[in-house]
Each structure stands twice: as C-alpha cells, then as structure tokens.
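Biologist: Could you walk me through this model, starting with how to read it?

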Amino acid sequence: MKKLNCSLTFLLCLTVTLSFAQQEINKERESGHSNQSKFKQLYEEFATPNTYRSASGTPGPDYYQQQADYKIDIELDDKNAKIYGEETITYINNSPDDLEYLWLQLDQNVRAKDSKSPLRDEKEFSIAYSSEKFVKNLMQKPFEGGFNIEFIKDANGRSLPYTINQTMMRIDLPQLLKSGGQVSFSLKWWYNIPDHTIDRARSGYEYFSKDGNRSFVIAQFFPRMAVYSDVEGWQNYQFWGRGEFALPFGDYEVNITVPADHILDATGELTNRKEVFSREMMLRYEQAKKSYDKPVLIVTQQEAEQAEKGFSEDKKTWKFKAENVRDFGFASSRKFIWDMQAVKIGNKDVMAVSLYPKEGNPLWEEQSTKAVASTLKSYSAHTFDYPYHKAISVHAKNQGMEYPMICWNYGRPNEDGSYSDRVKFGMISVIIHEVGHNFFPMIVNSDERQWGWMDEGLNTFMQYMAEQEFGEEFPEDITPNKAYPSRRGAPSKIVPYMRGDQSTISAIMSNPENVYQLGPNAYGKPATALNILRETIMGKELFDHAFKIYSHRWKFKHPTPEDFFRTMEDASAVDLDWYWRSWFYTTDYVDIGVKGVKKYYVSDKPTKKMKDYMTSRGLTEASFPPMVYLVDEESEDFEEGLRDKSPSETSQDLKEYMMDNMTAEERSQVEEPKYFYEVVFNKPGGIPMPIIVEYTYADGSKENVTYPPQIWRKNDQEFKRVISSEKELVGIVVDPKAETADIDASNNSWPKKEQNSEFEQFKQNIKGK
Amino acid sequence: MILPTAGILQNQIMKLLKTLVLRTSILLIIVSLFAFTAMHKFYVSVTNVQYSEKENSLQITSRIFIDDLENVLEERYGVQLDLATEMESEEANHYVEKYMRSKLVLSTDGKDRAFVFLGKKYDNDLIICYLEIEDINLPKLKIIEIENDILTDMFEEQQNIVHFRMNGKKKSFVMVKENNKGMLNL
C-alpha cells in the first residue's frame, strides 16, 4: 500500500511539475521588493538583545532593578472622607547610572481640579439626560481631589526641591545618587477620598445611606516611586486613567490608624494582631488557620451589623509589614464581615480571606473565599507556588481592581438576598481574575502603563483555565452548566471583535490609552491568542512548560513583551515569530476556507495538457518512460470508462510496474486507491494558521489532518493538496471544532453548506421542538 | 482591573458610529456614550430588520440587555421573571412578548403590522427576541416605518439602534425617547 502510494505520488508530482513548466512568463518586468514574508523573524520589531536582557528571553548577566522601601503612617478620617499620610522612602539605585533626580507618581492627581484627564476626551451634549446625569455632568462643582503635598525633606530634615507635572513629581537631588548608592527622604500629604461608585475610580469609598457608613477600599494613596529601568529610563508616562501602573519592588512597613470599630485588612503581615483583635477573634483566627475545607468567620454578620451603629470616636492602629511587594492597598470599614480559611500551596499554608459588608450576603459567604482558594491552587499549578502568606477578596460595588495580596470585587445580590447566575458567575470570575493578578503583574511585574495586555491578557488567559478548573472542582456550583461559563478565552468569543470594523480595532501591541476597546484589545484577544497557542498551535505540554519557565524567570522582576515572546520560543523549539507578528502586531484576522475540490481518474493515455506540453517541446510519447496520467473529471480527456476502476485496471503501465516490483503477496495485500482528489484551500484572512481539516468518506468514516501554518510560507493565498483514497470523499470541513477564531465559517465546508441566517436557524429550532 | 465584556452591542455601536460620522450630523447622540467606552454600562438595544424573499416576510431580531429588560418588566408589570436562570418563570415569554408588542411597532404604507413572536434566546448578557411580519410583498411597498421605545420608559439614556437590510440596501437609525421613529422609503 505504502509503496504504491509513493509511486503514485511520484508520478503525480511529475504531472504537477509539467503543468508548472507550461506556464510562460510574458509579463512586464516587475520591480523587486523587500522581505514581506509573514514568517520573517521579528528582528526589526524586537529590541536587540543585550547584557540586561538575553536573546533567550531570560534576564541577562547585567539585569538590574531598583528597590524602593517605604515606612508609612496613615490616618483615615472616616467622618470627612480624608486621608493623611507621612512616609519615608529609601530608594536603592541598583542601576549602572548615576541619577540627578527621582520621579514619583501622584496618581490621585488624575482627580485634581487641574487634571488634564477629563479634558482629553471629546464631549458633546446628549439629546437627553437623566436628572442624575445632568446634575453630575453639568451642575456639580468638580471634585477637589488630588494630593496636597505638605513637605518633602531629606534625611537631615532639609526641604527638597520638587516639580509636579500632572501625575508625576520630580524630586531634584542635592547631589547625584551614585550607582549602587541609596537615598532616604520623607513626604507628608493629604487628600480627599473620592466616592468610587461615581466614576469608577480604582479606589475610594462607597457610602451606605441606610446606616450612614462608608466602606473604604484604598490604593494609590501615597506618592510612589516610578520605575527606572534599562528599557524606559524613568517610566514617567502620565497616568491618564486607563493605563495602569509600573512600580518597583520593595519592603513596606505601614501603620494605619482608623476608627476603633473598623475592621481592616491590607497588603502584608499584620504585626500587632493581639492589639487589634478581640480574644474571640484570636480564637477564631487560630481555628481558621487549621480549616482547609471551609472558611471560618472572624467577624460575623451579626457582629458587623452591631458595629455599623457604633461610630466610635476612638482610634486604633493596624500595623503591617510586607516584603518584596510592588504596592500596598487596604480596606477598612465597620461594616465588614470577615472570613478566612487555609489553603495548602506546595508545603506552605496560605490564608484565603474575604471582607464584605452584609449587602454582599449570602453570595459572599458562600463563594468568595472558596473562589480565592481555588484560584491560588490553579494559578500556582500553572506558574509557581504563590509566595505570599495570604490573598484577600474585598467586596466593593462595581469594582474589579487588584493590589498585592488584596483586591476589590463586584457581585452584589438583590436587597432581599436573591441573586441570578449572572451575578454569581460575574462575581466568581472577577474574584478569580483579581486574585489571579497577584501572579501577573504583582509578581511577574510587567509594565502595565505601557503594555496593558501583558498582565490583563496573560491573566485573562489564566483566568479562563482557572474558571474551567473551578467548574471541575465544584460541579455543584455551576449546574446546570457542564463547564464553567467563561466569558472570555474560547476562540468563538473573540470572533465578533476580530471581524469588526478595522477602523476601530488596534493591534494588541498598543498603549492602553490609545486603543478603541480596551476590553477585547488588552483582555479578550491576547487571552484567546494564548489559548489557541496552547491548545492548537503548540500543544499543552510544550506551552505549559514554556509558560512556566517565563513565570519563573520573571517572578519579582520586570519583563518586556520580547522577554515573553522569546522565552516561549526558546523553551519550546516552536518558531512563533509569525504568530506574534500576526496576532499581536497586526489587526489581521483568521479566515481560511476550502475553495474547491477536483476529482481525478487514472489513465495511461496522455491528457491534453501532456500532449500540449509534448508538442511545445517537440517530444513524443516515446520520449518518456511509461507514465501514469491523472485525468480531471471535468476535462475533455475524461471518459466514463475510467469511473469505478482501480488504477491498475485503467493503467497498463502501472499494472506492469506492480508485477515487476512487488511480490505476489505484496500485490494481494495492496488496497488500490480508487479515488483521487485535488483540494484547494484559500485564506481570505491575513493570519497564517494551520489548516485543520476533517475529511468525511462515503462509508461515514472521518479523517482529521492538520497542515502546519508553514504551508502559507510561499503562497499566502492558496494551498493545494492531493488525496488518494479507497473510499469516496463526500465532505470537507475546515476547523470543525472552531478552535482558530475563524471569522467566516461560510467558506469552511465542501460541499458548500447552505448557511441559514441566524433568524432561519432559530425558526427551524423552534419548529423542531 | 476588570472590564465588562464589550460584546456585540458595542461592536455595533462602533460600526454605526463610523457610518454616522461619515454620513450625517446625528453624531452628537453617540459621542457622550464613548467618553468612558467599555468601563460604563451602555443603555442600548440593537434591532435588525431583514427582508426574506423566500418567506416573503420581515425577519426581526432585537438584542437587549437581560438585566435592563428584567428591571423594566418588574417595574411595569410587577413580575419577577428571573430571566436566563433556572428559576425562569413560565410566564416569561408572555411578558416579554407583551412588552415587545407595546414598544416596537412596524407599519407598511401607513398600516400597523402585527408580528409573530417566535421566541427568545440568551447570549451571555443579552436576550435576543425573534419576531416576524408575514405577507410583506416588498416590491409593492413604498414606506416602512418603525417606532422603537424599548426601555425608554425606564432609562432616559436608552438608545435603540435599528438596522434595516433589504434588497441589498442598508440603513441604520439611532432612536431615543424623544425621537423614536424611523422611516424607510423603498
């Protein structure tokens, strides 16, 4: 069988070559062109590797990063919604450069009265406003937000000169901060805390008018060091509101003074637990540390409801210490219910923690800590063991925002406590997403200001896997669904975006401030691209290994896109430059189809094409050794007599060849192919992808073949294959499991399927019932 | 940070925005929607009206956010339907149909035309209603009018987008409470 096929293929090859040779070149001379191949390596797009960052994607021998250590004292004025702080920053210059000045980030200034952020977007009157929107947009005085800096002093108490440019502040150093040196200085400030429910600030308070309390979720609350790196120098791109944060790692000691009846948790280890916990809370805490299967309440709903009425005038200070974190956040309110459980990660215990007002129940007591624990396990398994000692999920209305060890999440039931599946899955998903951000970017610390997709895309990809694993771990929580209903990640979900209007789509490799739709651009598309890479292009084994290597190489460091791209290739031996180029650097889309199928029959008579060829070269049949010819069913050479015969019946030469070259036994075992096809695939879409084909034969059997993406390397438009088979081919489907995000399925089948409109399909479905 | 999935609706708006920018001056309706793009909730529905020669009918799909529709049905009829949940009320179809009949009116050459409510389907956050107007005889028609008040009784900012597609022609309208009619001259 094999032998026969080989010889047939050889002969077939000859025919193809002959037909190519026939084509005459009589076009005018064309001009040359540069290398436009989609498989060209990304030398022009990528930064040149150097001693800071190696070509393999690993930190180079001279890789460095700066360190910023903070000692901060904070006082939260609940009554007036103000925060006061004083901090000492110790900045360690590990770079080879001497620094004349330092840049700090004043993110709260995005809400200052003179902020340019609200001015940069086009605005026109709506035809109609709700009264609420009218008052907010056209009548209200602007919020008096932004940092009020009281002083900046050096270690000896002398004032340091500084210049504020919007959300960035330059401190001019009296003398150079030498490479390898360090400098300490202190700042004092205060600001008005915004109501985060009004314009979706990333931190602030929610006011509960029924009981008069606020629930605070506080972040970006202190002047923070900008990143100085080998890639950007100072990363002082302004904070406009969308592009998130770039922050150096450091050690934090933070003391937070709040009303005595507040419950508070934050980034870092609580170092004075005995001072702030009641005896009852201590006992419950000890219990929680040993509870691996369900959370233990540290503060019950009843206790929280009692506390809501207190409005204590006394104060209490909560003290935290965190090592090797890139930021600090905290949540504080007398409304908080608090639960915790232990999770085994590697050989270490991590606490999964939730803080929520009673408005979150019963959903939050049922699902939050469970989702935190499940996320830590899933992400650890795919990357590295979660290195911190706890992860907290705080319930804040409409929030979904991440900080080291702590995050704010939405998902609020109706007032009567009922909630729909949409609210529940929305809540579990946002918790998985935000807790997952501990890995990307809190630990694998990419530059969010410049590359939103590096943390959001990778994290949304991980979120998809973690959601699916949550569904497998808790099937009773997702019924009647069989798999967790993930909103992003599956290839089909990104199709509407990728086939959308090109004028409103940006490449993934864009700054978050400049893209049209950040959701699909920085979250959905990169997550889907990685999912397809894992499941279809590389395979899980190669992908998972490479992804893990990337996570390990860059944990507690600052990777760039190239570091990720290079590592994925370096650790897998899969050339992916074409994939990065088309999915990440362009707005191309996937569209591959089957254009046509031609049926051929074997004959020993030269076809017209062959005759033409012979005439043009002055050759005769005698000039060739015995040949087998393939006759196109639709050509004039075709005769009915060729149908339903095996090749050795219609080609005497083939029969003789077999007699001469095969033993009688071999001949008896040969199953001669009777059917010969030439299939043409085409690619209207820009992205070169593998062609995943399902061939169906007359006996109902199916054969799946995946042609690698490299088939497009020489012809980016069309690709032909020949098939010889004992069985009649009756159907071809390209991408039968919809795993490539092909934007147009109408050209994916042969014979062409009647594509019913969505409406017709629905109508047929209901008739069927 | 998490962003809500910007689904089909937003894509539709972006597309429409573009055509409007190129074409007409109704631009101002939409711009305020985009100040914060994906971060904020849209009050939008998208209705497609397509002529089927085969069926001699107008085939209509309306995509509406489930939670918005649920809120309006609760407010208007005092019913809790739990749409798209396991507990969905058996009366859900009845109320959705009733609401659609009162808010979406099509007429041909000045005569109101009743639609057949075929049913509804869910797609993530969206409910899709399938409506059909039979015996349409398009070649003889001069004018098709549509009046779309979906959710404007609840949300001041509600925008209802209508795309007509017939005889290879496309026309789109954005409707708001004060301007709820669109007319197609054939």
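Modeller: What follows goes through the smaller chain-level picture, then a sheet, the cores and some backbone details.

Modeller: This is a predicted model, in which local features need pLDDT of at least 70 and side-chain atom pairs count only at pLDDT 80 or more, while totals for chains, interfaces and linings use all residues. Residues are numbered from 1 along each chain as its sequence is written, and chains are lettered from A and ligands numbered from 1 in the order in which they are written.

Biologist: How many helices and strands are there in chain B?

Modeller: Chain B has four helices and 10 strands, where helices (H or I, at least four residues) and strands (E, at least two) are DSSP runs numbered from the N terminus. From the N terminus on, the order is α-α-β-β-α-α-β-β-β-β-β-β-β-β.

Biologist: And what share of chain B counts as buried?

Modeller: Of its 186 residues, 39% count as buried, meaning that 20 or more other C-beta atoms lie within 10 Å of the residue's own; exposed is 12 or fewer, partly exposed is in between, and C-beta atoms are placed from the backbone. Among contacts in chain B with a separation of 6 or more, 61% come from residues 24 or more positions apart, a contact being two C-beta atoms, placed from the backbone, within 7 Å.

Biologist: Take B:L184, which residues does it touch?

Modeller: Not counting residues up to four places away in sequence, B:L184 touches B:I143, B:I144, B:F164 and B:K171. B:L184 lies in strand β10 (residues 181–185) of chain B, and it counts as partly exposed because it has 18 C-beta neighbours inside 10 Å.

Biologist: Switching to chain A, what is the strand order in the open sheet of four strands?

Modeller: The order is β8-β9-β18-β14 (chain A), with antiparallel pairing; two strands pair if DSSP finds at least two bridges between them.

Biologist: Why is one side of β8 and of β14 left without a neighbour in the sheet?

Modeller: Because β8 (204–208) and β14 (263–266) of chain A stand at the edges, each with a single partner strand. For β14(A), four bridges join it to the antiparallel strand β18 (residues 330–333) of chain A, and A:A266 has A:F330 as its bridge partner in β18(A).

Biologist: Which residues touch the most other members in the largest nonpolar core?

Modeller: In that core of 161 residues, they are A:I256, A:A352, A:V372, A:L376, A:A391 and A:V394, a nonpolar core being a set of buried Ala, Val, Leu, Ile, Met, Phe, Trp, Tyr and Cys residues joined through C-beta atoms within 7 Å. Its largest share, 10 residues, comes from helix α13 (residues 518–538) of chain A. A second, separate core of 39 residues includes A:F759, B:Y51, B:L69 and B:L118.

Biologist: Where are the cis peptide bonds you would have me look at?

Modeller: One joins A:N361 and A:P362, with omega about 5°, and A:P362 sits in the loop between β20 (348–356) and α7 (363–382) of chain A. Another runs from A:T479 to A:P480, with omega near 5°, and A:P480 is placed in the loop between α11 (475–478) and α12 (491–498) of chain A.

Biologist: And what is phi at A:A738?

Modeller: Phi of A:A738 is positive, about 50°, although the residue is not a glycine. A:A738 lies in the loop between β30 (729–734) and β31 (749–750) of chain A, and it is partly exposed, with 14 other C-beta atoms within 10 Å.
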